[in-house]
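Please open the model in a viewer and keep the sequence panel in sight. The stops below are arranged so that each selection leads to the next.

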Amino acid sequence: MKISYRTCLACDSTWLEGQLYWSDGKIGCPHDLAGLLCNDLKDPDCINPCKGSNSGTTWEHKRYWRDEK
Ligand SMILES: [Zn+2]
């Protein structure tokens, strides 16, 4: 049986069998990762399939910060 294991060089996160794990080993949501890191990094090496997504939990925070300026 082949186990798919990929690590993103851009944000240092790991996908194991389609499940995202943060760099500290905690299970994560790729949409949150996109909002937190990948969308800002804009790194072409980023393998997050949800890169560009703004449906993660950080999106509300981003909007809040933007409105405050
Ligand atoms: Zn990434």
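Select Tyr-21, which is partly exposed because 14 other C-beta atoms lie within 10 Å. The model in view is a predicted one. Tyr-21 is found in strand β3. Leaving aside its neighbours within four places in sequence, Tyr-21 has contacts with Ser-13, Thr-14, Leu-16, Lys-26, Ile-27 and Gly-28. Now add Thr-7 to the selection: 14 residues separate Thr-7 from Tyr-21 along the chain, and their C-alpha atoms are 9.4 Å apart.

**The sheet**

Next, colour the three strands. They form an open sheet in the order β1-β2-β3, and the pairing is antiparallel. Which strands stand at the edges? They are β1, residues 5-7, and β3, residues 19-21; each has a single partner strand, so one side of each has no neighbour in the sheet. From one strand to the next, the twist averages 20°.

Zoom in on β1 together with β2, the strand of residues 14-16. These two run antiparallel and are joined by three bridges. To see one bridge pair, select Tyr-5, whose partner in β2 is Leu-16.

**Two loop residues**

Move to the loop between β1 and β2 and select Asp-12, which is found there. Its phi is near 65°, a positive value in a residue that is not glycine. Is Asp-12 buried or exposed? Asp-12 counts as exposed, because it has 11 C-beta neighbours inside 10 Å and the cut-off for an exposed residue is 12 or fewer.

Then select Glu-17, in the loop between β2 and β3. Glu-17 is likewise not a glycine, and it has a positive phi of about 55°. With 7 C-beta neighbours inside 10 Å, Glu-17 counts as exposed.

**Helix α1**

Select residues 30-41, which make up helix α1. How many residues of α1 are buried? Nine of the twelve are buried, so the helix is mostly covered. The buried residues are Pro-30, His-31, Leu-33, Ala-34, Gly-35, Leu-36, Leu-37, Cys-38 and Asn-39. If the viewer has a distance tool, apply it to the end C-alpha atoms of α1: they span only 14 Å, whereas a straight helix of twelve residues would span 16 Å at 1.5 Å a residue.

Begin at Pro-30, which lies in α1. Pro-30 counts as buried because it has 20 C-beta neighbours inside 10 Å. Beyond the neighbours within four places in sequence, Pro-30 is in contact with Leu-20, Asn-48, Pro-49 and Cys-50. Adding Trp-15 shows a residue 15 places from Pro-30 in sequence, with a C-alpha to C-alpha distance of 9.4 Å.

Proceed to Ala-34, another of the buried residues of α1. Setting aside neighbours within four places in sequence, Ala-34 is in contact with Asn-39, Asn-48, Cys-50, Lys-51, Gly-52, Ser-53 and Gly-56.

Now select Leu-41, also in helix α1. Leu-41 counts as partly exposed, because it has 16 C-beta neighbours inside 10 Å. Apart from neighbours within four places in sequence, its contacts are Ala-10, Cys-11 and Cys-46. Cys-11 deserves a separate label: Cys-11 and Leu-41 are 30 residues apart along the chain, and their C-alpha atoms are separated by 8.0 Å. Just after α1, select Lys-42, which takes a positive phi of about 50°.

**The nonpolar core**

Which residues make up the largest nonpolar core? Select Cys-8, Cys-11, Leu-20, Leu-33, Ala-34, Leu-36, Leu-37, Cys-38 and Cys-46, nine residues in all. Helix α1 gives the most to this core, with five residues.

**The whole chain**

Finally, zoom out to the full chain. The chain has two helices and three strands, and from the N terminus on its elements run β-β-β-α-α. Of the 69 residues, 25% are buried. Among the contacts between residues at least 6 apart in sequence, 34% join residues at least 24 apart.

Notes. Residues numbered from 1 in each chain as written. Predicted model: local features only at pLDDT ≥ 70, side-chain atom pairs only at ≥ 80, totals over all residues. Pairing = 2+ DSSP bridges. Helix = DSSP H or I, 4+ residues; strand = E, 2+ residues; numbered from the N terminus. Axes fitted to C-alpha atoms, helices over the stretch in contact; angles between N-to-C directions. Core = buried A, V, L, I, M, F, W, Y, C linked by C-beta atoms within 7 Å. Contact = placed C-beta atoms within 7 Å. Expected span 1.5 Å × (residues − 1).
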